[in-house]
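Me: I've got a structure to go through with you. Can we start with the cysteines?

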Amino acid sequence: MKICFLPDNLCTKPQRSGQSLLEISLAAGVDHTHACGGVGKCSTCRVMVLEGAERLLARNPTEQALAQRLGFGPEIRLACQTVPQGDLTLRRLVIDDEDLEILHFRLTASALPKIGVEKELAILFVDLRNFTPFSEALPAYDVMHLLERFFFLCGQQVKQAGGWIDNYMGDGFLALFDGENPKQKCQKALAAAQGVLAAMPGFNHYLAKVAPQFLKLGIGVHYGHLIQGEIGAGEQMREIVIGDAVNTASRIESATKVLGRPLLVSEEVREHLGPEFRFERVGEVTLKGKQGLFPLFCPVE
Ligand code: FES
């Protein structure tokens, strides 16, 4: 049986049967962090299984309890609680004192942050056009009140469609949509986008009471892979999503200015939605930071 540890680039084998991964690594001289002494309490011995996961037994109750509390995915195992049954390649996840400090900070926080998870979601980017120059002439109270009202109205549409607003960015926001399959996720995002657009005349009508201005929206919808997790701890903890798909959704939203349409979706969204959803191909654009031309589409009523 061969057990390889990264980033140590060290392969070794058990000295006796029933040895845990932690015992094996320590016996081979790996500086494997194990703050609780290997009793399944601290999680600092955590490893990511890169190869051979199918040869591992299910978690024991001690590991299961901690893994559940910390939101570990199946690929993250506690080395002190895991006994290998065959060849494995693992990466230790607590490498130095800084890793240990961050972990300690997270574990002692009142609420535990979620471990990063990879997901395929539909992504909606919404931006209120020209709000900044418009807001400069308004008292701070009105600016905040109008934004609050706009976000409230959009939040209702997003929620109704089955999504959630993940992040507010000035006068725009990012919303995400999960579901049983890609089509359902895209369907929800499109419904939210159309709901937000349909609600805009009402918002502009209200706006007219405060200032003679008609505001427009830019909305981009994309589908793809992203990483969702939390950083920070305690009151500073916040959810983040990162990934190329998020950037692409933002670029699509920006392209609405160039193409003169308030709502544009990517080819991935159009394909997932299938032929019963009708779209017009509006044009092909280069998206900042990406190579090649990207066809963009807008829904046809
Ligand atoms: S060493 Fe503490 S949980 Fe494994």
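Me: Is Cys11 buried, partly exposed or exposed?
Reply: This is a predicted model. In it, Cys11 has 46% relative accessibility, so Cys11 counts as partly exposed.

Me: Which cysteine does Cys11 pair with?
Reply: Cys11 forms a disulfide with Cys4. Their sulfur atoms sit 2.0 Å apart.

Me: And Cys4, buried or exposed?
Reply: Buried. Cys4 has 11% relative accessibility, and the cut-off for buried is under 20%.

Me: What's the handedness of the link between Cys4 and Cys11?
Reply: Right-handed, with 110 degrees about the S-S bond.

Me: How many disulfides does the structure hold?
Reply: One.

Me: Why no bond for Cys154?
Reply: Distance. The closest cysteine sulfur to that of Cys154 belongs to Cys298, and it is 19 Å away, so that is too far for a bond. Cys154 is also buried, at 0% relative accessibility.

Me: What about Cys298, where is its closest cysteine sulfur?
Reply: In Cys186, 16 Å away, which is too far for a bond. Cys298 counts as buried because its relative accessibility is 7%.

Me: Switching to helices. What span should α6 have?
Reply: Helix α6 covers residues 182-210, which is 29 residues. At 1.5 Å a residue, α6 should span 42 Å. The end C-alpha atoms are 41 Å apart, which agrees.

Me: Where does α6 bend?
Reply: At Met200, by about 35 degrees.

Me: Which proline follows Met200?
Reply: Pro201, which comes within four residues of the bend at Met200.

Notes:
Residues numbered from 1 in each chain as written. Predicted model: local features only at pLDDT ≥ 70, side-chain atom pairs only at ≥ 80, totals over all residues. Heavy atoms only, no water. Helix = DSSP H or I, 4+ residues; strand = E, 2+ residues; numbered from the N terminus. Expected span 1.5 Å × (residues − 1). Bend = angle between axes of the 7 residues up to and from the residue. Disulfide = S-S within 2.5 Å. Buried < 20%, exposed > 50% of the residue type's maximum accessible area, 1.4 Å probe, protein only.
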